[in-house]
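Hi,

Here is the structure I promised to pass on. Have a look at it first, and my notes on what turned up are underneath.

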Amino acid sequence: MSDIPLGVLDLVPVSSGSTATEALRNSIDLARQAESFGYARYWFAEHHLNPGVAGTSPAVVLALTASATSTIRLGSGAVQLGHRTALSTVEEFGLIDALHPGRLDLGLGRSGGRPPGGSATPLPAATPVEDGFAPNGLRIPPRFSFEHLLGSPRIALQRELLLLPNAESQDYGEQIEDILALLAGTYRSANGVEAHVVPGEGADVEIWILGSSGGQSAEVAGRNGLRFAANYHVSPATVLEAAEGYRAAFQPSDVLDKPYVSVSADVVVAEDDETARDLATGYGLWVRSIRTAEGAIQFPTPDEARAHAWSDADRALVQDRLDTQFVGSPGRVADQLEQLQEATGADELLITTITHGHADRVRSYELLAEEWRKR
């Protein structure tokens with residue numbers, strides 16, 4: 001499996017008892033370490049109003065990290081287009097590319113619509129799923145409903161503070177086309193006025209579309225012949241649908257002559273299974289904070305997490321994510337990642353790991369990279 005590259009997805013998590021400053025320094029250090037371990041990419045996610053997540057602006061964190069690394073590709077996973085215009089996005093990444101050419105991945109995501117797994121009718125996956133498992137044994141849990149989040153005051157405030165005017169009425173496909181045109185230098189307004197972005201036009205950035213289902217994001221990525229990243233770690237129920245929806249919509253482009261898919265996975269690796277399970281103890285409580293619309297809490301210690309009194313409702317909120325987190329020794333986790341790659345046909349895998357201690361997080365990535373090289 002060493003021919004399947006591994007990348008890193010970093011949310012810049014803030015551990016309990018720590019600060020955003022420490023989290024940012026830890027992430028830059030992890031990027032340097034991931035480069036030395038042989039990871040192909042290092043992506044930063046975009047999240048807002050979360051006490052336990054400091055990665056609010058991928059472009060800013062990327063600029064800082066680019067100066068601390070030299071070879072690993074750096075990217076966004078993803079810039080949310082409801083929060084930024086096509087022009088501001090191209091300008092931000094153009095600025096970074098001007099000093100670090102040829103290293104940037106511009107991952108783009110939707111925002112302003114329904115959360116993943118909402119009431120929009122999904123495309124059925126062609127791969128059969130029986131009793132919660134794909135044919136090769138990969139766990140595909142029941143679809144999780146995010147409908148309860150739509151009435152959350154916190155979510156409403158976030159939308160009020162972040163969404164651009166008319167963001168909900170903008171067509172996502174047109175936004176992507178505007179970004180592609182601005183990068184290529186071919187942009188024309190409706191009345192024929194040209195726009196040329198300096199720096200930005202001609203920037204050597206790799207465009208990715210991120211999506212959690214086989215809906216619009218997958219279709220836009222496929223139609224434009226762009227790379228696509230499917231999220232097993234966010235929406236494991238729909239990962240097959242997302243990958244297959246993208247492939248069904250794919251049309252060759254100047255960038256790609258065939259589909260290219262990355263799939264994410266939540267992972268914790270340690271020297272043995274027991275240690276890894278202990279390090280991952282806080283994950284369920286952290287996911288619960290997100291899915292109750294409380295906002296991601298600072299990542300708890302194992303003891304803090306064990307002190308939580310779990311209700312049946314709590315467990316139902318997080319069970320699909322617990323069931324699909326890969327936790328254990330290097331061999332066990334690598335086996336599970338191979339299973340994920342086989343089920344989805346992924347060309348790359350994107351690994352996201354959160355532990356309370358920074359050293360444990362670094363070690364998890366190191367152990368996985370060592371094991372992966374053996375396969």
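Strand β10, residues 348-352, is largely enclosed by the rest of the structure, because five of its five residues are buried. Bear in mind that this is a predicted model. Which way do the residues of β10 point? Glu348, Leu350 and Thr352 go one way, Leu349 and Ile351 go the other, and all are buried. That fits the textbook picture: in a regular strand, side chains alternate between the two faces of the sheet.

Now for the strands that β10 pairs with. Strand β1 (residues 6-10) runs parallel to β10, and three bridges join the two. If you want a spot to click on, Val8 has Ile351 as its bridge partner in β10. Strand β8 (residues 261-269) also pairs with β10 in the parallel sense, over five bridges. Here you can look at Asp266, whose bridge partner in β10 is Thr352.

The other thing I looked at is a pair of helices. Two packed helices are described by the angle and the distance between their axes. For helix α2 (residues 58-66) and helix α3 (residues 86-99), the axes come within 10 Å and cross at roughly 0 degrees. Angles under 35 degrees count as roughly parallel, so α2 is roughly parallel to α3. Which residues meet there? From α2 they are Ala59, Leu62 and Ala63, and from α3 they are Glu92, Phe93 and Ile96. By type, the residues of this contact split into five nonpolar, one charged and no polar.

Cheers

How values were computed. Residues are numbered from 1 along each chain as its sequence is written. This is a predicted model: local features need pLDDT of at least 70, side-chain atom pairs count only at pLDDT 80 or more; totals for chains, interfaces and linings use all residues. Side-chain values use heavy atoms; hydrogens and water are left out. Buried means under 20% relative accessible area, exposed over 50%, partly exposed in between (1.4 Å probe, protein chains only). Helices (H or I, at least four residues) and strands (E, at least two) are DSSP runs, numbered from the N terminus. Two strands pair if DSSP finds at least two bridges between them. Axes are lines fitted to C-alpha atoms, for helices over the stretch in contact, and angles run from 0 to 180 degrees between N-to-C directions. Angles under 35 degrees count as roughly parallel, over 145 as roughly antiparallel, 65 to 115 as roughly perpendicular and the rest as oblique. Contact means heavy atoms within 4.5 Å. Ala, Val, Leu, Ile, Met, Phe, Trp, Tyr, Cys and Pro count as nonpolar, Asp, Glu, Lys and Arg as charged, and the others, Gly among them, as polar.
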